[in-house]
Amino acid sequence: MDKRRWVGLAVVPLLGGASLVGPVAPAVAAAPEPAARAATAPGNELYVSSQGCTSGADGSEWAPYCTISAAAAVVQPGQTVLVQPGEYPESVDLTRSGAEGAPITFRAVNTLSGPINVGNLGATVVGSVFRIANVHDVVVEGFHVVGTTGATPVVVDTSTRVTINDIATRASGASAAVHVTGSSRAITISRSWLNGSGTPAIRIDADVSGSKVVGNQLYMGGLLAAGADTVVTNNTVITNCVRGIDATATSTGLSIQNNIVRTSPFHGACKTPQDAIAIAVGASAASGAVADYNLIDPISGGPSYHWAGTAYPDLASFRAATGQGGHDLAADPLIGASQSGPRAFLPADPASPAVDSANAAAPGVPGTDMFGNPHSDNPAVANTGTGNGFHDRGAIEVQGPLKDGQYDLRHKAGDDSFAVTATGIPQYTWPVDGEGGTIAYQFDGARYPRTTTASTVAHSFGSAGRNCVSISISYDGFRRTDPKRGSRCTRVGARYTPSAPTRVLDTRAAVGIATTTPVPANGEVVVAIPAVGGVSAADISAVVLNLTVTAPTAAGFIGTRPEGGVVTTSSVNFVANETVPNLVTTSVRGGVVRLVNRSGGTVHLIADLQGVYSRHGSSGFMPLDPARVLDTRTGAGTPLAANGERRLDLSGKLPADATAAVVNVTVTGPTTAGVLTVYPDGSPVPLASNLNFVARQTIPNLVTVPVVAGKVMIRNVSSGTTHVIVDLAGYYGSVASGANQTYVPSEARIADSRVNAGWIKVYDGPFNPFAKGSVAVFGESWCGQECPPVTAAALNLTVTAPTAGGVLTAYPSGVATPSASNVNFVAGETASNLAVVRVGDGYVDAFNNSSGQTHVVVDQSGYFFAPVF
């Protein structure tokens, strides 16, 4: 029968009270923590949200500013201000400059969740909305700017290298929608919807130079350009029987190419056609000017050109007189009706003569159109343009039928193991000459989506485990059309940083706490975890502790719990007056671990830090099939002498750059009570211990110990001799050494034979003599085939109510039972031990190497997997 069917049959949804081995419960996960916040945005981003801000804002993702002006007051060169959807009734004075190559950017994060409206909302603003004066290297993009009657919505004054991109606004009784004045230089106005309402949509004054007007749609108002060296390329201009592009003043060095101009908005002749001039260039501007590849709609009856003081009613006469406009067209551009909304636009028609007929080499020609799409080759239209032949005239490049995108999520190489790269690639039906589209990435744990034209973005998740990204691809810049959507998930895990054994808690000696009082019945101790090896306490995801219970007055167990959660697993099981150690791997929240005494008596606790897991850990993990590397009972072996030590050389088993080894260490046949300590070769003997034993006892414990040149030391701290058995389970090291696996804390009881939960075997109840069972390692509730598979697990194995002595061995499902052991037990005893076990096809097998029956409980601390780059 399929194993997964057995799992389903085995789960019994019962709850039980405290016992020696903790709660009797089905194979379910612990109650989840509140979703961890994603790692804070890079230092080059500030956030603004009128709907999500609070007092004490600092501009971070979780404490955004309430206003754009607040961010504008502190933004630095190279930073981007990300303004989220909402209403911003303010005028914004931009007085801080960026640097060349590192501009200050104010970006509206447009999605279909709502526009970003800025300005006169409810008669709250007097004057211009965006005032950009005496600055350089500033970008403003994506906003719907609501102006005040009689005031120009956007003004650029005496500034350099300023870009106004993808905005939407209208001039209500003002001189223009966008006005560039003063001695401004290198100003770019691009991809915007600008409604002139009967006045010029854009006004560029005579003392301005080097302006670029590229890829805009100017509606009910044209361009009035008087400055020098103005480039006017790939715009769509619609006016109401007035001039479309007007450069009649002092403009010099002028280039007007690839534009669509129609001076009648209603597809009819104008009453005063002499005013409806498509393109006007004054006498001083005509010298050195270039006008070509423009598409002029003759419907208004007005002159196609007014050049150096002469009106030309048609293109033929204009060409004959000036030699200009050799590739101009006079035809209906087939522009659709205005698509209303805060960010309106005029759609293009695939049959338009503008299609595949533009000059690809025109100055300022954009790589993508008003929507952010690349140039697209309509297969039904002959290519008559220059270059690749299929650039369109006007602001919008006609595209074929929309297709779904390609989506991916992969781990990102580097020192942050939570880092990923997400990919959303727009797919175009027709051949294109580059990437395009607008992509919104919503990462788990992130408060806001990240909207960009980049098909691949980097991100760092806030917590280990399954994490997903929802990707939306828009082919119209999130204006109207529903985007294509996809989602991808993966696992991210923490890497390990080993530590020399360090005592962080001893309730007997007031180490880690303020008193020497034992932990009371059902009481808890909060253990602060310090920074380790450059990993800050706040950055730690999980910790490895050697936890020792001593002087308990009643039987019970020690469990851990997250902040606000409950104990669902057991870590150390004990009876009265017993000293018991166990290695514990548990999640860390807020830099602390909570240890709970689930017994009816008091108990002292000792915790020795072995290492930590974090996003910036130094070592990955490599699980190994259990292998015995030391047994002092065999061959010519001798027991460890009283207060003696032995060097264990693992260099033949581990790669040269291994940083730590995971070994199951068993003491057997001790002649007196004592402790066993395992520590790095060449280091002083630490205060910490790994195993506590009494005479004639057999007791195991998992140990994670740093290695030096592959070697560790084992010290018998007792007045008698003892035999020692060591089984190698895995190692930590570099990716190059094969240690490429990372760790996810995932605490759950996954099997309990007492309630027939989790175990896969052909009978209910306890394990029979010399029998095995299988258990499925718990991952997330869903991750899908796109997630890397689980490769190993940290499992606390508990044997309870055995009828005869023996050992329990856990190993990968599907392989032969190894000679190694994990839990040694005697009749009637409850014993537990942590094991790190390689997973076989999602399962771990357990073998009861005993002549008697026994119940077996498995509590999972976490799992490992290999990231996919």
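Trainee: Which residue forms a salt bridge with Arg243?
Mentor: Asp246 does; in this predicted model, the closest N and O atoms of Arg243 and Asp246 are 3.3 Å apart.

Trainee: And are those two buried or exposed, or something in between?
Mentor: They split. Arg243 is partly exposed, at 29% relative accessibility, while Asp246 counts as buried because its value is 12%, and the cut-off for buried is under 20%.

Trainee: How many salt bridges does the structure hold?
Mentor: There are 24. Another one of them pairs Arg615 with Asp416, with the closest N and O atoms 3.1 Å apart.

Trainee: Where do Arg615 and Asp416 lie?
Mentor: Both are in loops. Arg615 lies between strand E46 (604–614) and strand E47 (620–631), and Asp416 between strand E32 (406–411) and strand E33 (419–425), so this salt bridge ties together parts that are 199 residues apart in sequence. Arg615 is buried at 8% relative accessibility, and Asp416 is buried too, at 14%.

Trainee: What does Arg561 pair with?
Mentor: With Glu524, in a salt bridge of 2.8 Å from N to O. Arg561 belongs to strand E42 (residues 556–561) and Glu524 to strand E40, so here the parts tied together are 37 residues apart in sequence. Glu524 is partly exposed, with a relative accessible area of 32%.

Trainee: Which residues are joined into one network by salt bridges that share partners?
Mentor: Arg503, Asp506, Arg508 and Asp608.

Trainee: Back to strand E40. Which residues are on its covered face, and which on the uncovered one?
Mentor: Strand E40 covers residues 524–528. Val525 and Val527 make up the covered face, while Glu524, Val526 and Ala528 are on the uncovered one.

Trainee: Which strand do the bridges join E40 to?
Mentor: Strand E45 (residues 592–599), through 5 bridges, with the two running antiparallel. Val527, from the covered face of E40, has Val593 in E45 as its bridge partner.

Trainee: Switching topic: how many strands form the open sheet, and in what order?
Mentor: 10 strands, in the order E4-E7-E10-E13-E16-E19-E22-E25-E28-E31, with parallel pairing. At the edges are strand E4 (86–88) and strand E31 (329–330), each pairing on one side only.

Trainee: Can you zoom in on one pair from that sheet?
Mentor: Take strand E19 (residues 217–219) and strand E22 (residues 236–238), which pair in the parallel sense over 3 bridges. Gln217 stands opposite Thr236 in E22.

Trainee: What about Ser209, buried or exposed?
Mentor: Ser209 is buried, with a relative accessible area of 17%. Ser209 lies in the loop between strand E17 (202–204) and strand E18 (212–214).

Trainee: What does Ser209 touch?
Mentor: Leaving out residues up to four places away in sequence, Ser209 touches Ser184, Arg185, Ala186 and Ala228. With Arg185 there is also a polar contact of 3.0 Å between the side chains.

Trainee: Last one: what's the average pLDDT of the chain?
Mentor: The average is 91, and 94% of the residues score at least 70.

Trainee: Where does pLDDT stay under 50?
Mentor: Over residues 1–19, for which the model has 45 contacts beyond four places in sequence. Residues 23–42 are also below 50, and that stretch has 64 contacts beyond near neighbours in sequence. Where pLDDT is low, the predicted coordinates should not be read in detail.

Notes
Residues numbered from 1 in each chain as written. Predicted model: local features only at pLDDT ≥ 70, side-chain atom pairs only at ≥ 80, totals over all residues. Heavy atoms only, no water. Pairing = 2+ DSSP bridges. Helix = DSSP H or I, 4+ residues; strand = E, 2+ residues; numbered from the N terminus. pLDDT = per-residue confidence, 0-100. Contact = heavy atoms within 4.5 Å. Buried < 20%, exposed > 50% of the residue type's maximum accessible area, 1.4 Å probe, protein only. Polar contact = N/O pair within 3.5 Å; in protein donor to acceptor, adjacent residues only side chain to side chain. Salt bridge = Lys/Arg side-chain N within 4 Å of Asp/Glu carboxyl O.
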